[in-house]
Amino acid sequence: MKTIITFGTFDVFHVGHLNILRRAKMLGDRLVVGISSDALNMKKKARLPVYLQNERMEIIEALRCVDEVFVEESLELKADYIRQFNAQTLVMGDDWRGKFDHLAPLCEVVYLTRTPTISTTSIIETIKIR
Ligand code: C2G
């Protein structure tokens, strides 16, 4: 049983999020997703997500390609989460390329290409303009 782990906020869920989760699942048998907590988002982006953490968790958990979700409380705890879930592969979008290479002794680290043009920020901007 090969476990894949990935992380993200997944705010205002869109097809770019779906694509990376589907591709991550294809690399193994079980996909575990760490959802950034609202508090972690405040720290990272100095604002709350549009969808709060329990809603983001519910949405991701309902996807066919996702087996388990948990709350990611800190960016620095990745090694602990990888051990806790016994993950063999960490998947991140290539906006994070190189940032998690230090975890390579613990598990395989794979960066997947982001889906072009779509982002939560651009969706919010579009809604504002309309
Ligand atoms: N993503 C993608 N294509 C897009 C937008 C996002 O492939 N057009 C990917 C990102 O690369 C990331 C995942 O979808 O792997 C979730 O994106 P975000 O919610 O923006 O995640 P982020 O805030 O970068 O949080 O511990 C790391 C962080 O929790 C990652």
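Trainee: Which elements each supply at least two residues of the shell around the ligand?

Mentor: They are β1 (3-8), α1 (15-26), α2 (38-45) and β4 (89-93). Helices (H or I, at least four residues) and strands (E, at least two) are DSSP runs, numbered from the N terminus. This is a predicted model, where local features need pLDDT of at least 70, side-chain atom pairs count only at pLDDT 80 or more, and totals for chains, interfaces and linings use all residues. Residues are numbered from 1 along each chain as its sequence is written, and side-chain values use heavy atoms, with hydrogens and water left out.

Trainee: Which element gives the most to the shell?

Mentor: α1 does, with 3 residues.

Trainee: What makes a residue near the ligand, by definition?

Mentor: One of its heavy atoms must lie within 4 Å of the ligand. By that rule 21 residues surround the ligand, and the closest are F10, S36, E72, K78 and I118.

Trainee: How do the residues of the shell divide into nonpolar, polar and charged?

Mentor: There are 7 nonpolar, 8 polar and 6 charged. Ala, Val, Leu, Ile, Met, Phe, Trp, Tyr, Cys and Pro count as nonpolar, Asp, Glu, Lys and Arg as charged, and the others, Gly among them, as polar.

Trainee: What is the distance from an oxygen atom of the ligand to an N or O atom in the side chain of S36?

Mentor: It is 2.8 Å. A polar contact is a pair of N or O atoms within 3.5 Å; within protein, one must be able to donate a hydrogen and the other to accept it, and residues adjacent in sequence count only if both atoms are side-chain atoms. The S36 pair, at 2.8 Å, therefore meets the distance limit. For D95 a side-chain N or O atom is also 2.8 Å from a ligand oxygen.

Trainee: Why is T6 called buried?

Mentor: Its relative accessible area is 4%. Buried means under 20%, exposed over 50%, partly exposed in between (1.4 Å probe, protein chains only), so T6 is buried. T6 lies in strand β1, and a polar atom of its side chain lies 2.6 Å from the backbone oxygen of V91.

Trainee: Why does I59 count as partly exposed?

Mentor: I59 has 32% relative accessibility, so it falls in the range between buried and exposed. I59 lies in helix α3 (residues 53-61).

Trainee: And why is N86 called exposed?

Mentor: Because its relative accessible area is 54%, N86 passes the limit for exposed. N86 is found in the loop between α4 (78-84) and β4.
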